[in-house]
Amino acid sequence: MARKRKQWDPAHNAKIVHKYQEFMRHGKRLSDTTIRLAVQAIDDFLDFNKTADFRSIKLSQIIAYKEDLFSRKSERTGRQISLSAVRQKLHNLNGFYLWLAHQPGYRSHINLTDASYFSLSRHDDRRARRPSRCIAPTIEHLRHVIGSMPTGTDQELRDRALIAFAILSGARIDAIASMRIRHVDLVERTVDQDGHSVRTKFRKPILTCFFPVGGDIEAIVVEWITHLRRVHRFGPDDPLFPEITLMRDPETKYLKAGPLGKSGWMFPNAARQIFRNAWENAGLPYHNPHSLRSTLTLLGQKLCRSPEEFKCWSQSLGHENVSTTLTSYGQVPDHRQREVFEALRDRVGMGTR
């Protein structure tokens with residue numbers, strides 16, 4: 001009598017992905033954002049393969065998925081998705097398959113070598129790792145954006161203070177969205193990103209000193225915190241950038257912005273939209289919140305006069321190694337590179353042609 005072939009239960013996929021999430025969270029202690037991106041890559045791979053059981057997926061299906069990634073277009077730009085985006089998805093799937101090959105019930109169906117198929121060619125991998133051209137806004141651009149923002153309501157004051165605080169602290173936008181008033185010391189001019197209540201990258205503690213970006217920008221942050229304390233009676237544990245409550249207009253019956261609430265942002269999307277609106281209103285090309293960290297790195301290269309000074313600057317950005325600051329955020333813009341070389345030629349007496 002022929003042996004009946006075992007039918008795979010589709011629910012196995014959900015169970016094993018959940019188990020992998022627990023491994024990433026508790027075993028590797030990865031951030032929620034990193035875990036979310038990994039799960040999105042796994043779900044995308046399953047969708048492409050019509051939710052097939054991982055144990056039945058063939059290498060030809062992995063290759064077909066890679067080819068499909070290269071043909072995809074970005075929903076936002078309409079252009080082909082970047083190599084770095086493809087590399088990120090494949091990197092997440094590579095890690096998942098390496099883990100999956102050791103799990104009971106999967107060892108006889110998945111080889112460790114299967115994971116290597118989730119990779120780019122050496123040429124494409126080098127291109128994907130290559131840093132992009134620096135498009136960081138200048139301090140002058142930021143000052144123009146902040147100066148263009150209205151200040152007639154609490155919401156407008158908050159939005160202006162958010163951008164001022166982002167360049168003053170250099171903190172990541174998710175960390176800023178989770179901060180409480182107690183995390184900012186106006187006397188010491190520091191921000192305590194404790195890694196517990198503040199959503200820092202990898203939840204590591206970071207002590208940030210206010211960056212020297214101008215007394216006018218620092219004054220906006222001081223005025224905002226003072227406004228929260230004196231006018232709205234906010235305490236140390238209240239959010240630094242609270243949500244705006246919604247209330248129904250008695251005449252129109254439509255919802256409208258109300259007073260400040262006592263809840264902070266669970267996700268940084270609302271904060272990112274404030275940046276987008278501010279740049280649009282100022283009539284300048286949009287720069288995302290993360291680009292301000294490049295702005296600060298370039299500023300630090302100009303201001304710091306000793307290795308110790310730049311090390312302190314790097315630590316305030318949350319980097320353990322100065323090389324991270326320089327390689328990830330410190331690419332000099334093309335126009336500045338040309339200016340530096342002109343100055344070097346003058347220094348050795350070559351002058352201009």
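These notes cover the overall make-up, one sheet, one buried arginine and one pocket of a predicted model.

1. Overall make-up. The protein chain has 353 residues, and 40% of them count as buried. Its secondary structure consists of 14 helices and five strands. Along the principal axes, the C-alpha atoms fill a box of roughly 85 × 75 × 40 Å. If contacts are restricted to residues at least 6 apart in sequence, 58% of them join residues at least 24 apart.

2. Sheet order. An open sheet is built from three strands in the order β1-β2-β3, with antiparallel pairing. β1 (184-185) and β3 (206-209) each have a single partner strand and stand at the edges, so one side of each is left without a neighbour in the sheet.

3. Strand pairing. Strands of a sheet pair through backbone hydrogen bonds, either parallel or antiparallel. Here β1 and β2 (residues 190-193) are joined in the antiparallel sense over two bridges, and Asp 185 faces Thr 190 of β2 from the opposite position. Between β2 and β3 there are four bridges, again in the antiparallel sense; Asp 192 stands opposite Leu 207 in β3.

4. Faces of β3. In a regular strand the side chains alternate between the two faces of the sheet. For β3, Ile 206 and Thr 208 make up the covered face, while Leu 207 and Cys 209 make up the uncovered one. Leu 207, the residue opposite Asp 192, is therefore on the uncovered face under the alternation just described.

5. Arg 293. This residue lies in helix α11 (residues 291-303). What is the nearest side chain of opposite charge to Arg 293? It is Glu 320, at 12 Å, and Arg 293 is buried yet has no salt bridge. The cut-off for a salt bridge is 4 Å between a side-chain nitrogen of Lys or Arg and a carboxyl oxygen of Asp or Glu. Leaving aside residues up to four places away in sequence, Arg 293 touches Gly 170, Ala 171, Arg 172, Leu 317, His 319 and Tyr 329.

6. Second largest pocket. The space in this pocket is about 430 Å³. It is lined by 20 residues, of which Thr 138, Leu 298, Lys 302, Pro 333 and His 335 are the closest to its centre. Two or more lining residues come from each of α6 (139-147), α11 and α14 (334-347). Which element gives the largest share of the lining? That is α14, with six residues.

Technical notes
Residues are numbered from 1 along each chain as its sequence is written. This is a predicted model: local features need pLDDT of at least 70, side-chain atom pairs count only at pLDDT 80 or more; totals for chains, interfaces and linings use all residues. Side-chain values use heavy atoms; hydrogens and water are left out. Two strands pair if DSSP finds at least two bridges between them. Buried means under 20% relative accessible area, exposed over 50%, partly exposed in between (1.4 Å probe, protein chains only). Lys and Arg count as positive and Asp and Glu as negative; His and the chain ends are not counted. Contact means heavy atoms within 4.5 Å. On a 1 Å grid over the protein atoms alone, a cavity is a set of points where a 1.4 Å probe fits but cannot get out, and a pocket is an open set with protein on both sides within 12 Å along at least five of seven lines; lining residues have an atom within 4 Å of a point. Grid points are joined across faces, edges and corners, and a volume is the space filled by probe spheres set on the points.
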